[in-house]
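Colleague: I am new to this structure and would like a close look at a single part of it. Please take the stretch that UniProt marks as a domain, and describe what is around it.

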Amino acid sequence: MRTAVVVGAGMSGLAAAGALSRSGWQVVVLERAERVVAPPTAVVLWPNGQRALTSLDPDGGWSAIWSPLPDGGVRRPDGQWLVAPRTRAGTGPAPAAVHLEDLYDGLIAGLGDGVEIRTGFEVTTVVTGRGMRPVVGDGRTVIEADLIVGADGIDSRVRAVVAPEAVALGAGLAAWQAVIPGFRTPELDGTFAGGETLGAGYRFVAVPLGTRAAGVGGVYWVATAAGAPRPEPAATQLALLRRWFAGWHEPIGELLAATRPEDLIPQGVRELRPLPRDYGFRSGSGGVVLIGDAAHAMPHHLGQGACLAFEDAATLRTLMVDAEPGEGLCAAVESYSRLRRPRTTTVIRQNRRMSAVVQARGRLALRARDAALNHMRPRILGRTLDPVADWTPPD
């Protein structure tokens, strides 16, 4: 029986574990927390992410948990349109919002009987070598497997061993997220198209979740501001957000007023610079691969983090279906890197271009940003023909 250890039980780890299990692998998932719990927030899946997730588990019923999004356009703080909403071109899927509680439920349900989850297991050692299968351990227990999947996030212990050149650095901005249940904003139900608003170094994105999300519906919002993460308690940070975004067009003030401190998820935005030189590493008759934020953490300007993670898992599934320990598995590990490294490099390059737009400050920079948006947005922000969003799973 082929064996795999997945380090991390987030979105990418659960997706990879389920995909490997359905391909005939015996999988152990190691999670340092005491429970596998979805963060109380949401995510937007662009068409590439939807295709990847569907290919991972065609019977997962994913369309029942995501809510297709209209184009909400881009506005200035005073409500004036920078880019007016557009009717979506083409026949492909629209971007969709998914509450993470629903997404995790689907991923866990798709794990199957071939997956064991061990919680409270913090990987502290990773050992690889030409003459040995890869090994992970927590100081008490050592686990050897044919394949180690590093899905342990931006501070990945697995990556620190196999690709120490990749370092997590601050991206120059802080972010806050929250999900507001539908019963707190009933006047927005069924009428709110969402959208984004750009100010001088500030951004506010609001996304309707529909009526079914986590059983309560509501609105998911993300705010960003230039600068370092704030050290204050959540209540103080929420008061700061209300002050910073005061006077911005509705429903921004309404959403912030409906947000409670316990809803708020502050986040220091970081990225990997440089990216790992490879995403797949041989070790004996098997190897190690990196997926999700462990491989390519980036600011969420394009909303592609989760999408790329599911692409990683879908690519891994295709390569590992028939890979057997030995030269076949080692070749599959290297093929994974060859397929994924150029793809993520392209997306990150576009993400950095978008970062210059989002973080523009000063009169001249803002004028240049506004002039560029009409040209950039259809190509960069995931329209049907955008090379970022038209990825399809490998055969």
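Modeller: What follows goes through that stretch from its start, then through the core and a few places outside it. The model is predicted. An unreviewed UniProt entry places the feature "domain: FAD-binding" at residues 285-350. Over residues 285-350 the chain is 67% helix and 8% strand, and the C-alpha atoms at the two ends are 37 Å apart.

Begin with strand 19, residues 286-290. Five of its five residues are buried, so strand 19 is largely enclosed by the rest of the structure. Gly 286, Val 288 and Leu 290 point one way from the strand, while Gly 287 and Val 289 point the other way. Both sets are buried.

Strand 19 has two pairings to look at. Strand 12, residues 147-150, pairs with strand 19 in the parallel sense over four bridges. Within strand 19, Val 288 is the bridge partner of Ile 148. The other pairing is with strand 18, residues 280-283, in the antiparallel sense, again over four bridges. Here Arg 282 stands opposite Gly 287 of strand 19. Strands 18 and 19 form a hairpin with two residues between the strands, and in this hairpin Gly 284 takes a positive phi near 60°. Further back along the chain, Pro 274 lies in the loop between strand 17 (265-273) and strand 18. A cis peptide bond joins Arg 273 to Pro 274, with omega about -10°.

Next comes helix 8, residues 305-320. The largest nonpolar core has 84 residues, and Leu 103, Phe 310 and Met 320 touch the most other members. Helix 8 supplies the largest share of this core, eight residues. The core also draws at least three residues from each of domain 1 (3-71 + 92-169 + 272-390) and domain 2 (171-270). A second, separate core of 21 residues includes Phe 192, Val 219, Ala 223 and Trp 248.

Phe 310 is worth following by eye. Leaving aside residues up to four places away in sequence, Phe 310 touches Met 11, Ala 15, Leu 45, Gly 49, Ala 52, Leu 53, Leu 56, Leu 103 and Leu 107. Some of these names come up again in helix 2, residues 47-56, where eight of the ten residues are buried and the helix is mostly covered. Among the buried residues of helix 2 are Gly 49, Ala 52, Leu 53 and Leu 56. Pro 47, Asn 48, Gln 50 and Ser 55 of helix 2 are buried as well.

Helix 9, residues 327-358, contains Arg 343. Arg 343 counts as buried because its relative accessibility is 12%, which is under the 20% limit. The side chain of Arg 343 makes a polar contact with the side chain of Glu 311, at 2.7 Å.

For contrast, take another arginine, Arg 32, in the loop between strand 2 (26-31) and strand 3 (42-45). Arg 32 has a relative accessible area of 62% and is therefore exposed, the limit being over 50%. Not counting residues up to four places away in sequence, Arg 32 touches Gly 120, Phe 121 and Glu 122. The C-alpha atoms of Arg 32 and Gly 8 are separated by 7.4 Å, although the two residues are 24 residues apart along the chain.

One last place is the cis peptide bond that joins Glu 250 and Pro 251, where omega is about 15°. Pro 251 is found in the loop between helix 5 (234-244) and helix 6 (252-258).

Definitions and conventions: Residues numbered from 1 in each chain as written. Predicted model: local features only at pLDDT ≥ 70, side-chain atom pairs only at ≥ 80, totals over all residues. Heavy atoms only, no water. Buried < 20%, exposed > 50% of the residue type's maximum accessible area, 1.4 Å probe, protein only. Polar contact = N/O pair within 3.5 Å; in protein donor to acceptor, adjacent residues only side chain to side chain. Core = buried A, V, L, I, M, F, W, Y, C linked by side-chain atoms within 4.5 Å. Domains from an automatic or database assignment. Contact = heavy atoms within 4.5 Å. UniProt positions renumbered as here; feature names shortened; annotations may be inferred. Pairing = 2+ DSSP bridges.
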